[in-house]
Amino acid sequence: QVQLVESGGGLAQPGESLRLSCAASGSGFSIRAMAWYRQAPGKQRELVAQITSGGTTNYADSVKGRFTISRDGAKNTVYLEMNSLKPEDTAVYYCNVRAYIIALLVTTTYWGQGTQVTVSS
């Protein structure tokens with residue numbers, strides 16, 4: 001099994017920066033991809049950014065040029081650096097990990113508990 005622990009988030013003013021972290025722990029797995037999703041009140045959960053085990057990244061158009069996703073493979077940790085924050089970035093941010101479970105020979109998706117990001121003056 002894979003456990004995810006998120007940290008970071010909080011309150012920021014427009015134009016400021018925040019950094020999210022998500023660490024995956026457990027044993028017997030190999031990470032295929034890590035991502036951040038967000039869900040604003042009354043809206044569907046949407047992909048913010050994703051990074052594969054090979055380092056390929058993709059971003060939602062709304063965050064391109066402002067957010068950067070990165071990962072530390074040795075620590076099984078993914079980061080989301082959020083710059084030039086806007087009020088519309090306000091949402092609960094969820095870590096998402098797609099991992100290959102060696103003993104089961106299957107790939108499974110895991111979700112973090114979510115962390116609130118609020119951008120307001």
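Author: In what follows, Lys and Arg count as positive and Asp and Glu as negative, while His and the chain ends are left uncounted. The model before us is predicted.

Reader: With that convention, how many positive and negative side chains does the protein chain have, and how far apart do the centres of the two sets lie?

Author: The protein chain carries 11 positive and 8 negative side chains, and the centres of these two sets are 7 Å apart.

Reader: Before looking at single residues, which elements should I expect as I follow the protein chain from the N terminus?

Author: You will meet β elements from the N terminus on, in the order β-β-β-β-β-β-β-β-β-β-β, and the count for the protein chain is 11 strands and zero helices.

Reader: How do I read the radius of gyration of the protein chain?

Author: The general idea is to set the value beside the one expected of a compact globule with the given number of residues; for 121 residues that would be near 14 Å, and because the protein chain has 14 Å, the two agree. The spans add another view, since the C-alpha trace extends about 50 × 25 × 20 Å along its principal axes.

Reader: What percentage of the residues counts as buried, and what is the accessible surface of the protein chain?

Author: A residue counts as buried when its relative accessible area is under 20%, and 38% of the 121 residues of the protein chain do so. The accessible surface comes to about 6,300 Å², with 48% of it belonging to carbon and sulfur atoms. As for contacts in the protein chain with a separation of 6 or more, 54% are between residues 24 or more positions apart.

Reader: Turning to strand pairing, how many bridges join β4 to β5, and do these strands run parallel or antiparallel?

Author: Strand β4, residues 29-39, is joined to strand β5, residues 46-52, by six bridges, and the two run antiparallel. To see one such bridge in the structure, look at Ala35, whose partner in β5 is Gln50. The two strands form a hairpin with six residues between them, and in its turn Gly42 has a positive phi of about 75°.

Reader: Which sense of pairing do β5 and β6 show, and over how many bridges?

Author: Here too the sense is antiparallel, with three bridges between β5 and strand β6, residues 57-59; Ala49 has Tyr59 as its bridge partner in β6. This hairpin has four residues between the strands, and Gly55 takes a positive phi near 95°.

Reader: Where do residues other than glycine have a positive phi?

Author: Two cases are Asn76, with phi near 50°, and Leu105, with phi near 60°. Asn76 belongs to the loop between β7 (67-72) and β8 (77-82), whereas Leu105 is in the loop between β9 (91-101) and β10 (106-111).

Reader: Are these two residues buried, partly exposed or exposed?

Author: The step from number to word needs two cut-offs, under 20% for buried and over 50% for exposed, with partly exposed in between. Asn76 has a relative accessible area of 21%, so it is partly exposed, while Leu105, at 62%, is exposed.

Reader: Finally, where does Asn83 lie, and which residues does it touch?

Author: Asn83 is in the loop between β8 and β9, and its relative accessibility of 27% makes it partly exposed. Leaving aside residues up to four places away in sequence, Asn83 touches Glu16, Ser17, Arg66 and Phe67. Its C-alpha atom is separated by 8.7 Å from that of Gly65, a residue 18 residues apart from Asn83 along the chain.

How values were computed:
Residues are numbered from 1 along each chain as its sequence is written. This is a predicted model: local features need pLDDT of at least 70, side-chain atom pairs count only at pLDDT 80 or more; totals for chains, interfaces and linings use all residues. Side-chain values use heavy atoms; hydrogens and water are left out. The radius of gyration is taken over C-alpha atoms; the globule rule is 2.2 Å times the number of residues to the power 0.38. Buried means under 20% relative accessible area, exposed over 50%, partly exposed in between (1.4 Å probe, protein chains only). Contact means heavy atoms within 4.5 Å. Accessible areas come from the Shrake-Rupley method with a 1.4 Å probe; for residues, only the protein chains shown count as cover. The place of a charge is taken as NZ of Lys, CZ of Arg, CG of Asp or CD of Glu. Two strands pair if DSSP finds at least two bridges between them.
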